[in-house]
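This briefing goes through one protein chain, topic by topic. Please keep the sequence and the 3D view open while reading.

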Amino acid sequence: LEARYGVIGQDAAHSFVAHIEGKQNNETQTAVFNGTITKGWLLGARVHVTYDRIAPCPAFGQAACFTGVIRVMHGSAN
């Protein structure tokens, strides 16, 4: 899978866009992605994303929802 995440910080100076690629394990309903910040704060930094797929998701009236973490890797920005 490939995705683009837009992260909005408390102010525009701390917002960024990251391009990530990885795989979702449909058996465990988990995913791991790695990528790079392509625009904004910490341009060039590596990112690591993990999430869990939750289905069904009645709290939000959806068939599925996702919960996870985006980690910006320390010391990886230019």
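Is Phe33 buried or exposed? Phe33 counts as buried, because its relative accessibility is 3% and the cut-off for buried is under 20%. The model is a predicted one. Its chain has five strands and zero helices, and the points below start from that layout.

**Overall layout**

- Read from the N terminus, the order of elements is β-β-β-β-β.
- Along the principal axes, the C-alpha atoms of the chain fill a box of roughly 40 × 25 × 20 Å.
- The chain has 78 residues, and 22% of them are buried.
- Taking contacts between residues at least 6 apart in sequence, 27% join residues at least 24 apart.

**Surface and charge**

- About 5600 Å² of the chain is exposed, and 54% of this area comes from carbon and sulfur atoms.
- The chain carries 6 positive and 5 negative charges, and the mean positions of the two sets are 3 Å apart.

**Aromatic pairs**

- A pair of aromatic rings is described by the distance of the centres and the angle of the planes.
- The structure holds two aromatic pairs.
- One of them is formed by Phe33 and Tyr51, which are stacked with 5.7 Å from centre to centre and 20° between the planes.
- Because Phe33 belongs to strand β3 (residues 30-40) and Tyr51 to strand β4 (residues 46-54), this pair ties together parts that are 18 residues apart in sequence.
- Tyr51 has a relative accessible area of 12%, so this residue is buried.
- Tyr51 also pairs with Phe66: the ring centres are 5.2 Å apart and the planes stand at 90°, so this pair is edge-to-face.
- The pair of Tyr51 and Phe66 links distant parts of the chain, with Tyr51 in strand β4 and Phe66 in strand β5 (residues 65-72), 15 residues apart.
- Through these ring pairs, Phe33, Tyr51 and Phe66 are linked into a cluster.

**Surroundings of Phe66**

- Not counting residues up to four places away in sequence, Phe66 touches Gln24, Tyr51, Asp52 and Arg53.
- Phe66 and Asn26 are 40 residues apart along the chain, and their C-alpha atoms are separated by 13 Å.

**Nonpolar core**

- In soluble globular proteins, nonpolar side chains tend to be buried together.
- The largest nonpolar core in this model has 10 residues: Phe16, Ala18, Ile20, Ala31, Phe33, Ile37, Ala45, Val47, Val49 and Tyr51.
- Strands β2 (16-25), β3 and β4 each supply at least two residues of this core.
- Phe33 and Tyr51 are among the core residues, and they also form the stacked pair.
- Ala18, one of the core residues, is in contact with Ala3, Arg4, Tyr5, Thr36, Ile37, Thr38 and Val47, leaving aside neighbours within four places in sequence.
- Of these partners of Ala18, Ile37 and Val47 are core members as well.

**Loop between β2 and β3**

- Gln29 lies in the loop between β2 and β3.
- Although Gln29 is not a glycine, its phi is positive, at about 60°.
- Gln29 counts as partly exposed because its relative accessibility is 21%, while buried would require a value under 20%.

**Loop between β3 and β4**

- Trp41 is found in the loop between β3 and β4, and Leu42 has its place in this loop too.
- Leu42 is not a glycine, yet has a positive phi of about 60°.
- With a relative accessibility of 30%, Leu42 counts as partly exposed.
- Trp41 has a relative accessibility of 37% and therefore also counts as partly exposed.
- Leaving aside neighbours within four places in sequence, Trp41 is in contact with Ala13, His14, Ser15 and Phe16.
- Phe16, one of these contacts of Trp41, is a member of the largest nonpolar core.
- The C-alpha atoms of Trp41 and Val69 are separated by 18 Å, and these residues are 28 apart along the chain.

**Loop between β4 and β5**

- Pro56 is found in the loop between β4 and β5.
- The peptide bond that joins Ala55 and Pro56 is cis, with omega at about -5°.

Note on methods:
Residues are numbered from 1 along each chain as its sequence is written. This is a predicted model: local features need pLDDT of at least 70, side-chain atom pairs count only at pLDDT 80 or more; totals for chains, interfaces and linings use all residues. Side-chain values use heavy atoms; hydrogens and water are left out. Helices (H or I, at least four residues) and strands (E, at least two) are DSSP runs, numbered from the N terminus. Buried means under 20% relative accessible area, exposed over 50%, partly exposed in between (1.4 Å probe, protein chains only). Contact means heavy atoms within 4.5 Å. Accessible areas come from the Shrake-Rupley method with a 1.4 Å probe; for residues, only the protein chains shown count as cover. Lys and Arg count as positive and Asp and Glu as negative; His and the chain ends are not counted. The place of a charge is taken as NZ of Lys, CZ of Arg, CG of Asp or CD of Glu. Rings of Phe, Tyr and Trp (its six-membered ring) pair if their centres lie within 6.5 Å; planes under 30 degrees apart count as stacked, over 60 as edge-to-face and the rest as tilted. A nonpolar core is a set of buried Ala, Val, Leu, Ile, Met, Phe, Trp, Tyr and Cys residues joined through side-chain atoms within 4.5 Å.
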